[in-house]
Amino acid sequence: MARRRADWHTYFMRIAQVVATRSTCDRKHVGAVIVRDKTILSTGYNGSIRGLPHCDEVGHLMENGHCVRTVHAEANAIVQAARNGVRIEGAEIYVTASPCWNCFKLLANAGIRRIYYGEFYRDERILDFARQLGIELVDLGSALADDPDDPPLPEE
């Protein structure tokens with residue numbers, strides 16, 4: 001029997017899940033993959049400002065119940081693209097958790113046209129604003145849950 005090949009959504013979301021294993025804030029491990037025409041343009045995970053200590057080294061910097069030491073995965077993916085001169089306008093992003101309000105605004109201004117996410121995370125404002133902007137939000141969480149044909153993710 002032939003092995004079943006992963007569809008593109010599963011492929012890119014599984015890569016986002018692996019990217020999330022690089023996260024350095026144990027409050028939430030998030031990974032992001034920016035894609036255009038089935039080609040990966042950039043990746044990002046949540047971690048501290050480049051060159052500064054990470055949460056898993058020095059602890060969290062809490063403000064209003066949120067750790068503010070980290071740069072979010074989506075923002076880091078946008079920054080990586082910019083640092084490498086990669087145009088992301090018109091691209092899509094696969095992210096393990098839906099973007100927070102600030103990351104949503106960054107993605108919208110960067111020209112991301114579709115956001116695929118694995119779980120919904122907190123901020124319902126993105127639903128209305130995405131609709132107003134014509135940005136498609138796609139919940140892949142249930143579609144990717146425990147597919148017996150998918151190999152397990154690597155252990156951390």
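**View 1. The largest pocket encloses about 550 Å³ of space.** In this predicted model, local features need pLDDT of at least 70 and side-chain atom pairs count only at pLDDT 80 or more, whereas totals for chains, interfaces and linings use all residues. Residues are numbered from 1 along each chain as its sequence is written, and side-chain values use heavy atoms, with hydrogens and water left out. The lining comprises 23 residues, of which His 66, His 72, Cys 100, Tyr 121 and Arg 122 are the closest to the pocket centre. Two or more lining residues come from each of β5 (66-67), α3 (73-83) and α4 (101-110). By class, the lining has 10 nonpolar, 7 polar and 6 charged residues. A pocket is an open set of points on a 1 Å grid over the protein atoms alone, where a 1.4 Å probe fits, with protein on both sides within 12 Å along at least five of seven lines; lining residues have an atom within 4 Å of a point. Volume is the space filled by probe spheres set on the points.

**View 2. The second largest pocket holds about 370 Å³.** Of its 16 lining residues, Tyr 45, Ser 48, Arg 50, Asn 76 and Gln 80 lie nearest the centre. At least two lining residues are supplied by each of β2 (39-45), β3 (47-48) and α3; helices (H or I, at least four residues) and strands (E, at least two) are DSSP runs numbered from the N terminus. This lining divides into 6 nonpolar, 8 polar and 2 charged residues.

**View 3. The cysteines shown form no disulfide, as the structure holds 0 disulfides (pairs of cysteine sulfur atoms within 2.5 Å).** For Cys 25, the nearest cysteine sulfur is that of Cys 55, 3.7 Å away. Cys 25 counts as buried (under 20% relative accessible area, 1.4 Å probe, protein chains only), at 3% relative accessibility. The sulfur of Cys 100 lies 3.7 Å from that of Cys 103, its closest cysteine sulfur, which is too far for a bond. Cys 100 is also buried, with a relative accessible area of 17%.

**View 4. The largest nonpolar core contains 22 residues.** Such a core is a set of buried Ala, Val, Leu, Ile, Met, Phe, Trp, Tyr and Cys residues joined through side-chain atoms within 4.5 Å. Ile 34, Ile 88, Ile 93, Phe 104, Ile 112 and Ile 115 touch the most other members. Among the elements giving two or more residues to this core are β1 (31-36), β7 (92-95) and α5 (125-133). Beyond four places in sequence, Ile 112 is in contact (heavy atoms within 4.5 Å) with residues including Ile 34, Leu 107 and Ile 135. A second, separate core of 10 residues includes Phe 12, Met 13, Tyr 94 and Leu 140.

How values were computed: Ala, Val, Leu, Ile, Met, Phe, Trp, Tyr, Cys and Pro count as nonpolar, Asp, Glu, Lys and Arg as charged, and the others, Gly among them, as polar. Buried means under 20% relative accessible area, exposed over 50%, partly exposed in between (1.4 Å probe, protein chains only).
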